[in-house]
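Open the model in your viewer and keep the sequence panel visible. The tour below goes from selection to selection and says what is found at each stop.

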Amino acid sequence: MSYARSHMASEPAELIRVGVAAMCGVPNDDFNDKHWGAAVLSAGLLARDPAMSRIARVALITQAERLAETKAEWFPPPVEAGPGDLTDVVAALTNTAGSLNLLGHDTIFATLALRAFADQPKLATSANVDALVNMVEFAATRGPGGPFVGWDDPGAVLVEEGDGIPYIGTADELAVSAMTSFAGVGTVYDGFDRGVVQHLLTHAHALIELHRQGHTDAMRSGIEAHRVYRKLMTRRPSSGADPLPARADVPRLFSEEYWRRDLRGRGDWLFGHVFKVGFAWTAMEHRVPADLRAHAVPMLATTMVIT
């Protein structure tokens with residue numbers, strides 16, 4: 001029996017514990033497979049939302065448990081260790097978050113873990129802290145990620161006067177910025193740039209979460225990376241092998257209807273993003289005006305299509 005299956009008890013707290021162990025325990029050389037732990041961790045945090053009905057919560061947890069069992073090889077047991085120093089993680093983020101690294105996954109993953117540590121302080125072991133610092137430093141050497149079509153060197157892009165990228169001073173302004181860019185993306189191509197589009201939201205949400213936890217220097221550092229992300233998104237591919245069908249609406253992410261579907265599809269829960277994007281969206285939607293939120297819903301629906 002896998003570690004994940006043997007340690008889950010259909011409770012959000014268990015998802016959080018299992019997700020942290022996976023996200024921190026998977027080696028940096030297998031960086032993309034940290035997504036599975038991040039997905040289960042996001043599911044545990046999302047399941048804590050009081051707006052979610054009991055039936056929807058059970059269905060969400062069941063989906064996350066199924067993902068963990070399907071991807072059991074990427075759910076190692078935690079490393080036993082004493083308490084770690086969270087300021088090491090925050091310092092690493094403050095040093096590196098100003099540049100866009102792997103679509104912001106250094107910030108996204110580390111901030112999810114910091115949120116988990118705030119929820120369950122005993123998870124903040126020295127082994128987990130060291131793994132997160134190493135992950136952040138590793139990501140900082142890997143470039144901005146992508147694909148960002150139309151740019152010769154995405155890593156050299158800077159925001160300049162005249163680009164039309166707004167100044168951002170508050171968490172609400174950051175949410176509006178990300179949602180505005182997300183809503184205006186246009187066509188999204190499955191298997192190519194769906195993740196690039198979705199991480200406009202998850203990267204901004206990670207920075208907002210840093211602010212919420214009081215790590216304002218790290219958040220302010222990351223704002224410039226978000227503005228670069230927005231600039232990179234101003235050039236979009238004009239064709240692709242598999243454009244996603246445009247959708248007008250999606251069942252609310254807190255609804256029974258959504259979570260009771262079979263969300264695995266051929267993309268394994270959209271590489272875990274049904275949980276990560278769902279968590280980011282529900283945390284950010286109240287920060288933006290209703291008309292902007294309504295304008296962004298079709299893009300949310302499009303990028304959450306299960307094929």
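**Stop 1: the largest cavity**

This is a predicted model. Begin by selecting H6, helix H9 (194–212) and helix H13 (273–284), each of which supplies at least two residues of the lining of the largest cavity. Now show the lining itself as sticks: Ser42, Ile108, Thr111, Leu112, Arg115, Thr202, His205, Ala206, Glu209, Lys276, Phe279 and Ala280. The space they enclose has a volume of about 90 Å³. How many cavities of 30 Å³ or more are there? The count comes to one. Colour the lining by class and you should get five nonpolar, four polar and three charged residues.

**Stop 2: H9 against H13**

Keep H9 and H13 and hide the rest. Their axes are 9 Å apart and pack at an angle of about 55 degrees. H9 and H13 are therefore oblique to each other, and their crossing is left-handed.

For the contact residues, select these two groups:

- on the H9 side, Gln198, His199, Leu201, Thr202, Ala204, His205 and Ile208;
- on the H13 side, His273, Lys276, Val277, Phe279, Ala280, Trp281, Ala283 and Met284.

By class, this contact has nine nonpolar, five polar and one charged residues. Thr202 and His205 of H9 take part in the contact with H13, and Thr202 and His205 also line the largest cavity. On the H13 side, Lys276, Phe279 and Ala280 meet H9 and appear in the cavity lining as well.

**Stop 3: H3 against H6**

Next, select helix H3 (residues 34–46) and helix H6 (residues 105–119). Their axes come within 10 Å and cross at roughly 45 degrees. H3 and H6 are therefore oblique to each other. Which hand does the crossing of H3 and H6 have? The crossing is left-handed.

From H3, pick Lys34, His35, Ala38, Leu41, Ser42 and Leu45; these meet His105, Phe109, Leu112, Ala113, Arg115 and Ala116 in H6. The residues of this contact divide into seven nonpolar, three polar and two charged. Ser42 of H3, with Leu112 and Arg115 of H6, belongs to this contact, and Ser42, Leu112 and Arg115 also line the largest cavity of the opening stop.

**Stop 4: H3 against H4**

Leave H3 selected and swap H6 for helix H4 (residues 54–70). The axes of H3 and H4 lie 10 Å apart, and the packing angle is about 165 degrees. That makes H3 roughly antiparallel to H4, since an angle over 145 degrees counts as such. The crossing is left-handed.

Select Trp36, Ala39, Val40, Ala43 and Leu46 in H3, then their partners Leu60, Ala64, Leu67 and Ala68 in H4. What classes of residue make up the contact of H3 with H4? It has nine nonpolar, no polar and no charged residues.

**Stop 5: the largest pocket**

Switch to a surface view for the largest pocket, which holds about 520 Å³ of space. It is lined by 24 residues, and those nearest its centre are His35, Gly195, His199, Phe271 and His273. Three of these names have come up before: His35 in the contact of H3 with H6, and His199 and His273 in the contact of H9 with H13.

H9 and helix H12 (268–271) each supply at least two residues of the pocket lining. The largest share, four residues, comes from H9. Divided by class, the lining has seven nonpolar, twelve polar and five charged residues.

**Stop 6: backbone geometry**

Finish with a few backbone checks. Most residues other than glycine have a negative phi, and most peptide bonds are trans.

- Trp269, found in helix H12, is not a glycine but has a positive phi of about 55 degrees.
- Leu102 sits in the loop between helix H5 (86–96) and H6; its phi is near 50 degrees, again a positive value in a residue other than glycine.
- Gly146 and Pro147 are joined by a cis peptide bond, with omega near 15 degrees. To find Pro147, look in the loop between helix H7 (126–139) and helix H8 (171–183).

Key: Residues numbered from 1 in each chain as written. Predicted model: local features only at pLDDT ≥ 70, side-chain atom pairs only at ≥ 80, totals over all residues. Heavy atoms only, no water. Axes fitted to C-alpha atoms, helices over the stretch in contact; angles between N-to-C directions. Parallel < 35°, antiparallel > 145°, perpendicular 65-115°, else oblique. Left-handed = near helix turned anticlockwise from the far one by under 90°. Contact = heavy atoms within 4.5 Å. Nonpolar A, V, L, I, M, F, W, Y, C, P; charged D, E, K, R; others polar. 1 Å grid on protein atoms, 1.4 Å probe; cavity = no way out; pocket = protein on both sides within 12 Å on 5 of 7 lines; lining within 4 Å. Points joined across faces, edges and corners; volume = space filled by probe spheres on them.
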